[in-house]
Amino acid sequence: MHKVQFHLDRLLFERNWKIPDLMKRSGVNKNTLYAIKKNEISRVDLKVLQSICDALQCALSDLMSYEPKGEHETKGLLFILSGPSGAGKNTLINSLRDRYDLGLTFIPSFATRPMRPGERNGNPYYFVSTEEFMAMAERGEFLEYESIHGNYYGTHLLTYEQALDAGHIVIKDIDVNGALNMKKAFGDRVVLIYVRPTSLNDLEGRLYGRGDAEADIRIRMERLKYEESLSDQFDYLIFNDDIPTATAELAQIIRTCTRKRA
Ligand SMILES: Nc1ncnc2c1ncn2[C@@H]1O[C@H](COP(=O)(O)OP(=O)(O)OP(=O)(O)O)[C@@H](O)[C@H]1O
Ligand SMILES: Nc1nc2c(ncn2[C@@H]2O[C@H](COP(=O)(O)O)[C@@H](O)[C@H]2O)c(=O)[nH]1
């Protein structure tokens, strides 16, 4: 995680302010404020910091903190599976949990999509309304979140930090944007794995087989090109043709990375 941390999110929450309120009071532009709020800024003008502290009536040490090297480092590892919808990310995660004892932790995300048959709250998601989701996002409770296929999905910041600090080996499927953002946040604690089906026909067939609605299938197939365009930024590629073979490959990647880390 970052060594320099901004706490703007908490300061805004305590005052029941939103970014536009602070923008009016401080005169600092919206993009800079959002970048500070999300801890995604690497340089900042001293005048900007002064204006924000004046507007919030707080000390600089309330707004930001610095952790010396080492103290912020997490011990765990996070394996992220990305790839087109229907490639089989969840199938591989479940198959891995059934066939191998690798001591993996699965952290459900929060999602606004309707539950599918066989799903329940907490598996594979905590299902919330869009209003609940946006309120959590405003409070800065997500490490990252994305709108995918018309629904929101978000990873819970505190749960990930605690799991990685405790040294857990976490596995989760996350869309391509979220995966690359997680890599930015956790650096070499994250291993990115791209899962690909053997053919496009296979993919469509799998979505039909899963019982997805025609309109959903079209939306999911349309995102495919975009997802593929980012695949070369991933550390590993798995072709999910035969489930046991792909699961064994995944298990081997996890063993190798975990051993290296140790
Ligand atoms: N190797 C495979 N051969 C045949 N069918 C498969 C294979 N892998 C997965 N499937 C089937 O394809 C469908 C989609 O798989 P799954 O739900 O795991 O995909 P996903 O990548 O997790 O999708 P999403 O991104 O939408 O969550 C499921 O019905 C699953 O049983
Ligand atoms: N950016 C994030 N993407 C996520 C997260 N949890 C799941 N996902 C991805 O969403 C799509 C759709 O999933 P589905 O279950 O509705 O088919 C898929 O690509 C998941 O990998 C998350 O927390 N953040």
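Colleague: Which residues are the closest to ligand 2 among those that surround it?

Modeller: The model is a predicted one. In it, 15 residues surround ligand 2. The closest of these are S109, E146, Y153, D175 and G178.

Colleague: Which elements give two or more residues to the shell around ligand 2?

Modeller: E146 is listed with the closest residues, and β8 covers 142-148. Y153 is also listed there, and β9 covers 151-156. With the helix at 176-186 added, the elements that give two or more residues are β8, β9 and α9.

Colleague: How do the residues of the shell around ligand 2 divide into nonpolar, polar and charged?

Modeller: The shell holds 15 residues. Its nonpolar part has three residues. The remaining classes are polar, with six, and charged, with six.

Colleague: In what order do the five strands of the open sheet lie?

Modeller: The pairing in this sheet is mixed. β6 (120-121) and β8 each pair on one side only, as the edge strands. Read from the β6 edge, the order is β6-β7-β5-β9-β8.

Colleague: In which sense do β8 and β9 pair, and which residue is the bridge partner of I148?

Modeller: Six bridges join β8 and β9 in the antiparallel sense. I148 has its bridge partner in β9. That partner is N151.

Colleague: At about what angle to β9 does helix α8 run?

Modeller: Helix α8 spans residues 157-165. It lies across β8 and β9. Its angle to β9 is about 35°.

Colleague: Which residue of β7 is the bridge partner of S109?

Modeller: Strand β5 (residues 109-111) pairs with strand β7 (residues 124-127) in the parallel sense, over three bridges. On its other pairing, β7 runs parallel to β6, to which two bridges join it; there R120 has P124 as its partner. For S109, the partner is Y125.

Colleague: How many Å separate the centres of domain 1 and domain 2?

Modeller: The domain assignment gives domain 1 as 1-65 and domain 2 as 75-258. Four residues from domain 1 and four residues from domain 2 make up the contact. On the domain 1 side, these divide into two nonpolar, no polar and two charged. Taken over C-alpha atoms, the separation of the centres is 31 Å.

Colleague: How much of the chain over residues 24-63 is helix?

Modeller: An unreviewed UniProt entry places the feature "domain: HTH cro/C1-type" at these residues. The end C-alpha atoms of the stretch are 18 Å apart. Strand accounts for 0% of residues 24-63, and helix for 65%.

Key
Residues numbered from 1 in each chain as written. Chains lettered and ligands numbered in written order. Predicted model: local features only at pLDDT ≥ 70, side-chain atom pairs only at ≥ 80, totals over all residues. Near = placed C-beta within 6 Å. Helix = DSSP H or I, 4+ residues; strand = E, 2+ residues; numbered from the N terminus. Nonpolar A, V, L, I, M, F, W, Y, C, P; charged D, E, K, R; others polar. Pairing = 2+ DSSP bridges. Contact = placed C-beta atoms within 7 Å. Axes fitted to C-alpha atoms, helices over the stretch in contact; angles between N-to-C directions. Domains from an automatic or database assignment. UniProt positions renumbered as here; feature names shortened; annotations may be inferred.
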